[in-house]
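The questions below concern a ligand site, aromatic rings and some backbone details.

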Amino acid sequence: MSVETFEHAVDRSNDHSAKFHAGYMENDPTILPMWVADMDFAAPDSVRQALKERAEFGVFGYTAPWDGVLDAAVNWMKRRHQTEIEKEWIVSVPGIVPALKIMIQALSKPGDSILIFTPVYYPFKASILEEERTAVESPLHFENGAYSIDFEDAEKKIRENSVKMIIFCSPHNPTGNVWSKEDVARLSKIARENNVILISDEIHMDFDHSRKHTPLFLADPLSKDTSIIATAPSKTFNLAGLQVSFLYVPNPKFREKIRKTMSVCGMSDPNIMGLTAAQAAYETGDKWVDGLQERVKNNAEFTDVWLKENLPQIHLVKPEGLYLFWIDFRALNMRDDELMDFLIQEAKVWLNPGIKFGKEGSGFMRMNAGTSQDVILEAHTRIKNAINAREAAKHE
Ligand SMILES: Cc1ncc(COP(=O)(O)O)c(C=O)c1O
């Protein structure tokens, strides 16, 4: 499957998606939605075919994950990520965000400190606070347009705050980092030495232009006793509405606690259509993902060049993976609320405000680039026109 497969965005104007129909879109459908992380591409044919066959069968009762889907997930991790997962480690969950809450409840106590690396996917902090734990933040180091982990700061904060858990985003949303094997291994070693449970959210693992993503268990095999990988086919194959994600939990005691907490919350059998789609995607989606990765990589290169030529005051933080672009608008000298209002009302483009991801995100915006180049160009052009109109108005 080539990059051309992803040349055109699907018209989603009547698809009931949150992206096109919720929030700002309710009042003004002319806004271009580049916010929530799902893509404007249809899932692979094989996935749609598997869903059709299941729909034809016509019975949609409570479901037990079957060997075929678990084998497909295990084989994907082996084939695409050189990582051995055992079938019995797998816990099916409806999503990573609900799973974060479940893992926090199951494996920590109210008041415990949990470390995150900011700016980061905002449900991490929200989940920690909603579960009445304390969020300890270690800001990523930002220098020469690139982010890195400040390991000294993280270790100091782990010790000073008796941190019990780390929620790690690998690859990192929103900055676009794909952490190296050395980085993942170093963090894991720090976690082990300080008796900290490491939750590695690897939902963006399949978007990796740098080809260096290393799943936690591969980077540090000793991590298995005290760590969990959380991942899903949902970002990779655009299946978020089917609500299927997987936790890889080697430690049987952790699994038991997680399952018990899920049961307390009334969370039991997974979505039949989600599992059906996951199996087909993981069994047959390799070429589709390769073409998609190419599209996303091209979108990043295109954006970088276009901004340099047309809006040199705005900078793309060069993504190493993910289809989410982290863009530096600080040179516009606007407050965060002003910048958001400007983009919505004058540019008519909806991006996620960087400040939501942590105070270090002030002046930045996250753009969802899981779409065609035409749509990306439309977003850039709208932003440029709005900036030019604003400048012109100043000089009138
Ligand atoms: C890092 C990260 N984790 C989790 C999620 C959402 O996961 P789910 O839809 O499975 O709850 C996202 C969605 O963008 C994400 O970026």
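Helices (H or I, at least four residues) and strands (E, at least two) are DSSP runs, numbered from the N terminus. The model is predicted, so local features need pLDDT of at least 70 and side-chain atom pairs count only at pLDDT 80 or more, while totals for chains, interfaces and linings use all residues. Residues are numbered from 1 along each chain as its sequence is written, and side-chain values use heavy atoms, with hydrogens and water left out.

Q: Which helix gives the most to the shell around the ligand?
A: A residue is near the ligand if one of its heavy atoms lies within 4 Å of it. The ligand is surrounded by 13 residues, and I96, N173, D201, H204 and K235 are the closest. With 3 residues, the top contributor to the shell is helix α5 (residues 96–107).

Q: How many residues of the shell around the ligand are nonpolar?
A: Ala, Val, Leu, Ile, Met, Phe, Trp, Tyr, Cys and Pro count as nonpolar, Asp, Glu, Lys and Arg as charged, and the others, Gly among them, as polar. On that basis the shell has 2 charged and 4 polar residues, and the nonpolar ones number 7.

Q: What distance separates an oxygen atom of the ligand from an N or O atom in the side chain of H204?
A: A polar contact with the ligand is a pair of N or O atoms within 3.5 Å. A backbone N or O atom of V97 is 2.9 Å from a ligand oxygen, and a polar side-chain atom of S245 is 3.4 Å from a ligand oxygen. For the side chain of H204, the distance is 2.7 Å.

Q: What angle lies between the planes of F237 and Y282?
A: Rings of Phe, Tyr and Trp (its six-membered ring) pair if their centres lie within 6.5 Å; planes under 30 degrees apart count as stacked, over 60 as edge-to-face and the rest as tilted. The structure holds 20 such pairs. F237 and Y282 form an edge-to-face pair, 6.2 Å centre to centre, with an angle of 80°.

Q: Where in the chain is P171 found?
A: The peptide bond from S170 to P171 is cis, with omega near -5°. P171 is in the loop between β7 (163–169) and α8 (181–193).

Q: Which loop holds E132?
A: E132 is not a glycine, yet has a positive phi of about 60°. Its place is the loop between α6 (123–130) and β4 (134–139).

Conventions:
A polar contact is a pair of N or O atoms within 3.5 Å; within protein, one must be able to donate a hydrogen and the other to accept it, and residues adjacent in sequence count only if both atoms are side-chain atoms.
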